[in-house]
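Visitor: I'd like a close look at a single part of this model. Could you take me through one chain slowly, and then show me how it sits against its partner?

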Amino acid sequence: MNIVLIIGTIGMLILAIAIVGFVIFHQRKVFRFNTQLKQLEEEKQQILLNASIRFQEEERNRIAADLHDDAGPLLATARLYLNENLVNQEKAQQLQSIYSAKQIIDDAILLIRNISHSLMPPTLKNFGLESAITDLFQKNKRQRQH
Amino acid sequence: MFKRNKTKIRRIFFLYAIITSFLVLCSLYFRLIVPSKEGYIIITRFHNICEFIFLSTILSLVIINKLVRKIIILANFSFVIICLVDYFQSTQPTLAYIPLLASCTFFIIIIIFYFFERLKDNSGDIIFSTFPFWFAVALIANFSGNFLLFAYSETTPVKDANFKINYTIIYGTVTFIKNILLCIAVSIKDNNEYYAKVANDNSIIKTEIPINNNKNPINI
């Protein structure tokens with residue numbers, strides 16, 4: 001009977017140790033999983049951050065290119081029409097130059113407005129994302145039809 | 001809230017340790033200095049009741065489930081009644097093996113439930129760096145180790161010398177293991193700052209970039 005008692009007690013203790021071991025093992029597994037999850041979350045946030053920075057850079061480059069390649073030459077041409085010799089020219093030529101400069105400045109205004117709208121469409125600002133997307137689709141559709 | 005609860009658990013544990021020490025000294029007094037079997041039995045039975053109440057109180061503070069907490073509180077009254085009934089029904093002065101068996105069974109079930117609760121908790125806490133875990137390990141080692149011993153003690157004749165030796169060896173070993181584990185539990189410094197830091201880190205990462213929220217991009 002005493003041997004049975006000793007073996008039984010040892011068995012009970014082993015069972016208790018097994019339960020505790022299982023709990024520890026499971027907790028370690030959960031902890032490792034949580035750590036991995038946290039790392040993945042950090043990586044995801046990093047990717048989003050990089051994408052955001054890259055997008056901003058691309059947008060800046062596009063604006064710079066638009067201003068340099070389109071608005072710059074237009075304004076320079078307008079300035080050429082309105083140069084200092086304009087006062088020495090004939091009246092008809094003066095009017096022609098002023099008219100051409102006005103046309104170019106109008107084009108420049110339109111161009112700058114387009115750049116501004118492409119950065120922040122007024123529809124998006126006033127009516128929300130859904131209306132802005134619908135508006136963009138309609139514009140694209142019209143452009144394709146033309 | 002958690003900090004206050006943690007302090008309360010430790011205070012109850014130290015109160016339990018002081019009262020247990022005092023009762024052990026009293027039982028030794030009745031056994032060695034002024035031999036009185038009746039006095040020794042009463043002190044031991046009183047010690048069983050105190051131990052049950054203190055340990056169950058600590059466990060009720062550790063366990064989250066409210067129903068189980070209520071069951072633990074009710075179990076205190078039930079245990080006291082069982083002890084009194086067992087004392088008044090016993091024809092000769094013996095130790096309270098039936099209440100001890102009942103307490104062993106009760107605590108093993110409650111501790112397994114505590115472990116089950118911890119398994120379900122996915123907060124990322126390191127379980128073995130907390131006081132309640134080592135406390136539960138000490139209790140489960142003590143009660144599972146002594147369970148068969150108490151069961152056999154109830155049915156074995158008191159004058160079986162061989163059994164007495166085995167009883168002393170098993171009880172002594174299990175109590176030694178329990179005390180070692182309780183020492184570890186007391187020496188553990190709950191590392192809550194680490195978890196708070198992890199939680200803060202997560203919140204910082206989530207709020208750092210405003211791309212994820214569902215607000216209108218205009219308002220960002």
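Guide: What follows is a walk through chain B, with a shorter look at chain A at the end.

Keep in mind that this is a predicted model, scored at ipTM 0.72 and pTM 0.68. For chain B, the mean pLDDT is 80, and 80% of the residues score at least 70. The weak patch to know about is residues 193–220 of chain B, where the pLDDT is below 50. Even so, that stretch has 20 contacts in the model beyond near neighbours in sequence.

Now the layout. Chain B has 7 helices and 0 strands, so to speak a plain α-α-α-α-α-α-α when read from the N terminus on. Of its 220 residues, 26% count as buried. If you take the contacts in chain B between residues at least 6 apart in sequence, 72% of them join residues at least 24 apart.

Two residues in helix H1 of chain B give you a feel for those separations. B:Arg10 lies in that helix, which covers residues 2–33. From B:Arg10 to B:Ala185 is 175 residues in sequence, yet their C-alpha atoms are 9.9 Å apart in space. B:Ile19 is in helix H1 of chain B too, and its C-alpha is 8.9 Å from that of B:Glu51, with the two positions 32 residues apart in sequence. Buried or exposed, or something in between, for B:Arg10? B:Arg10 counts as partly exposed because it has 16 C-beta neighbours inside 10 Å, and a residue needs 20 or more to be buried. B:Ile19 is partly exposed as well, with 16 other C-beta atoms within 10 Å.

Next up is helix H2 of chain B, residues 37–62. Its 26 residues reach 37 Å from the first C-alpha to the last, close to the 38 Å expected at 1.5 Å a residue. The buried residues in H2(B) include B:Tyr40, B:Ile43 and B:Thr44, and further along B:Phe52, B:Leu55, B:Ser56, B:Ile58, B:Leu59 and B:Val62. B:Arg45 is buried too. When you look at the spacing in that list, remember that an α-helix has 3.6 residues a turn, so residues three or four places apart point the same way.

On to the partner. The contact takes 29 residues from chain B and 29 residues from chain A. On the chain B side, helices H4 (97–120), H5 (131–155), H6 (161–187) and H7 (192–208) each supply at least two residues. H5(B) gives the most, with 9 residues. Sorted by class, the side of chain B that touches chain A has 19 nonpolar, 8 polar and 2 charged residues.

Chain A itself comes to 4 helices and 0 strands. Its average pLDDT is 87, and 99% of its residues score at least 70. Among its elements, helix H1 (residues 2–81) of chain A has the highest mean pLDDT, 89, and helix H3 (residues 122–127) of chain A the lowest, 79. Of the 146 residues of chain A, 6% count as buried. Helix H4 of chain A is hardly covered: the count of buried residues among its 17 residues is 0. The end C-alpha atoms of that helix, residues 129–145, are 24 Å apart, which agrees with the 24 Å that its 17 residues should span at 1.5 Å a residue.

Methods:
Residues are numbered from 1 along each chain as its sequence is written. Chains are lettered from A and ligands numbered from 1 in the order in which they are written. This is a predicted model: local features need pLDDT of at least 70, side-chain atom pairs count only at pLDDT 80 or more; totals for chains, interfaces and linings use all residues. pLDDT is the predictor's confidence in each residue, from 0 to 100. Two residues are in contact if their C-beta atoms, placed from the backbone, lie within 7 Å. Ala, Val, Leu, Ile, Met, Phe, Trp, Tyr, Cys and Pro count as nonpolar, Asp, Glu, Lys and Arg as charged, and the others, Gly among them, as polar. A residue is buried if 20 or more other C-beta atoms lie within 10 Å of its own, exposed if 12 or fewer, and partly exposed in between; C-beta atoms are placed from the backbone. The expected span of a helix is 1.5 Å times one less than its number of residues.
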